[in-house]
Amino acid sequence: MTTPATPEQPAQQRLPRTLTRDLSSHDGQTVRLQGFVHARRDLGGVQFVVLRDVSGVTQCVGSGLTLPLAESSVEVTGTVKAHPKAPGGFEVQIKEFRVISAAVEASPVEIPKMEWNVNPETMLDYRVVTVRGLKERAALKVQAELVAAFRDHLMTEGFTEISTPKIVSAGAEGGANLFPIDYFGHPAYLAQSPQLYKQIMVGVFERVFEVAPVYRAEEHATSRHLNEYLSLDVEMGFIEDEEDVMSLENRLLASIMTRLKASAQPEFDLLGATIPDVPAHIPRITLLDARALVTEKYGHVVGGKDLDPEAERLLCQHYAETEGSDFVFVTKYPRAARPFYAHPDSNADGSLSGEITRGFDLLFRGIEITSGGQRIHDHAMLMDSIAAYKLKPETLEGYTEVFKYGMPPHGGFAIGAERLTAKLLGISNVRYARAFPRDRHRLTP
């Protein structure tokens, strides 16, 4: 039977809500479900409704029902019965069916039939609906657990969470790739990184982190870039060198993967993805040696100052085959490939190099997910570096001033949450690892 929409009964007269994931503990009992019409079939005398809630989907079966459009929110009261062909092994035989809020038009995309490699622009154009898909929300759930694990681990290591401005007067990396905005008649920009502020806060808490969006005005149109993304930033003081920073990230990633195995395994199973093991000591290779390796072993000649995407892929392939590691640190970046605040490395005689820095990248399954290193903490050295990079010291006064007052040796890194999520889950386009992505062509929804 179909029960028309009526005012809800007093809470004390109604069954408590049951989630679909808990049906196995209610076999033979009457339950009340609430969720969305994920799919529906009308076979004349019998109607099937696949109900989706936050925990999964379940099949509900009844008769004499007037089924609303897919994605309508509904309430089902019925008896739980074991059924080997039903999702989760149980179905609900409907006693009462109530439409809470009916969809007023058909969904532009059939949610149960969506695939990431089919009509990607359509999926993003209608993201307000397509984000409800089981795979789409699984990716976002994994990212939420990843971010929670990031926070939890750092706090166990004595870090303090901070919040830094996203409207700034100058760029953190030399002024390039910035989104300009009007700030009450003055020029300003969206922050491309919290780098300078998190360094300042090392002078306050010594160990800090931030989870916040950053903005890059880069005209990329690739599967690995976003113009707004979630940056997981870390900075720590009183270090010996960049090895302390890499060791921290090693521990952090191991902790994150342990958390994902405990809290997000169903999402990985749904997406056919594997949670990686993090080595106790992630392999390291210098940039120059990495470039030589991919040329000698794979015949790939690397141009530019860094590793190109193919070189990143080949280097990861090498370490997966030879050491069984999905991760590799690329270290000792040249000054030309690093920002002005990168600390120079030491020469064999202990003097500081003018060409090589203590900067590193972390590659994972063929792509860079982290950039980091030790930062300059000496005021005179920092001012010399700013001059060498041909930057305007007056635009960085709010940052450089703190180095007059005794900053300790420090370093850190940043992880792109969407890029890491995408590589963990085998998602081919990083845009699907963000609820509402922003790239050079997309400002809506």
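User: Where is A217 found in the chain?

Analyst: A217 is found in the loop between β10 (207–215) and β11 (228–237), where helices and strands are DSSP runs numbered from the N terminus (H or I over at least four residues for a helix, E over at least two for a strand). The model is predicted, with local features needing pLDDT of at least 70 and side-chain atom pairs pLDDT 80 or more, while totals for chains, interfaces and linings use all residues. Residues are numbered from 1 along each chain as its sequence is written, and side-chain values use heavy atoms, with hydrogens and water left out.

User: Why is A217 called partly exposed?

Analyst: The relative accessible area of A217 is 24%, and the term covers what lies between buried (under 20%) and exposed (over 50%), with a 1.4 Å probe and protein chains only. A217 is therefore partly exposed.

User: Which residues is A217 in contact with, leaving aside its neighbours within four places in sequence?

Analyst: They are N177, L178, F179 and N227, contact being defined as heavy atoms within 4.5 Å.

User: What makes H225 partly exposed, and which residues does H225 contact?

Analyst: H225, placed in the loop between β10 and β11, has a relative accessible area of 22%, so that H225 falls in the partly exposed class. Apart from neighbours within four places in sequence, H225 contacts E218, H220, R419 and V430. The UniProt annotation "binding site", from an unreviewed entry, includes A217, H225, E218 and R419 among its positions; such annotations are given in the numbering used here, with shortened feature names, and may be inferred rather than shown by experiment.

User: How do you know that α7 and α8 are roughly perpendicular?

Analyst: The axes of helix α7 (residues 287–298) and helix α8 (residues 309–323) come within 10 Å and cross at roughly 80°. Angles under 35 degrees count as roughly parallel, over 145 as roughly antiparallel, 65 to 115 as roughly perpendicular and the rest as oblique, so α7 is roughly perpendicular to α8. The axes are lines fitted to C-alpha atoms, for helices over the stretch in contact, and angles run from 0 to 180 degrees between N-to-C directions. On the α7 side the contact is made by A290, L293, V294, K297 and Y298, and on the α8 side by residues including L314, L315 and H318.

User: What span is expected for helix α3, and what does α3 reach?

Analyst: The expected span is 1.5 Å times one less than the number of residues; for the 23 residues of α3 (residues 134–156) this gives 33 Å, and α3 reaches 33 Å from its first C-alpha to its last, close to expectation. Among its buried residues are V142, L146, F150 and L154. The helix lies across β1 (30–42), β2 and β3, running at about 15° to β2.

User: Why do β2 and β3 count as paired?

Analyst: Two strands pair if DSSP finds at least two bridges between them, and strand β2 (residues 47–53) and strand β3 (residues 56–62) pair in the antiparallel sense over seven bridges, so the criterion is met. One of these partnerships joins R52 to V57 in β3. Five strands close into a barrel in the order β1-β2-β3-β5-β4, with mixed pairing, and neighbouring strands of this sheet are turned by 55° against each other on average, direction ignored.

User: What makes K332 and the bond between T444 and P445 worth noting?

Analyst: Most residues other than glycine have a negative phi, and most peptide bonds are trans. K332, in the loop between β13 (327–331) and β14 (344–346), has a positive phi near 55°, and a cis peptide bond with omega of about -10° joins T444 and P445.
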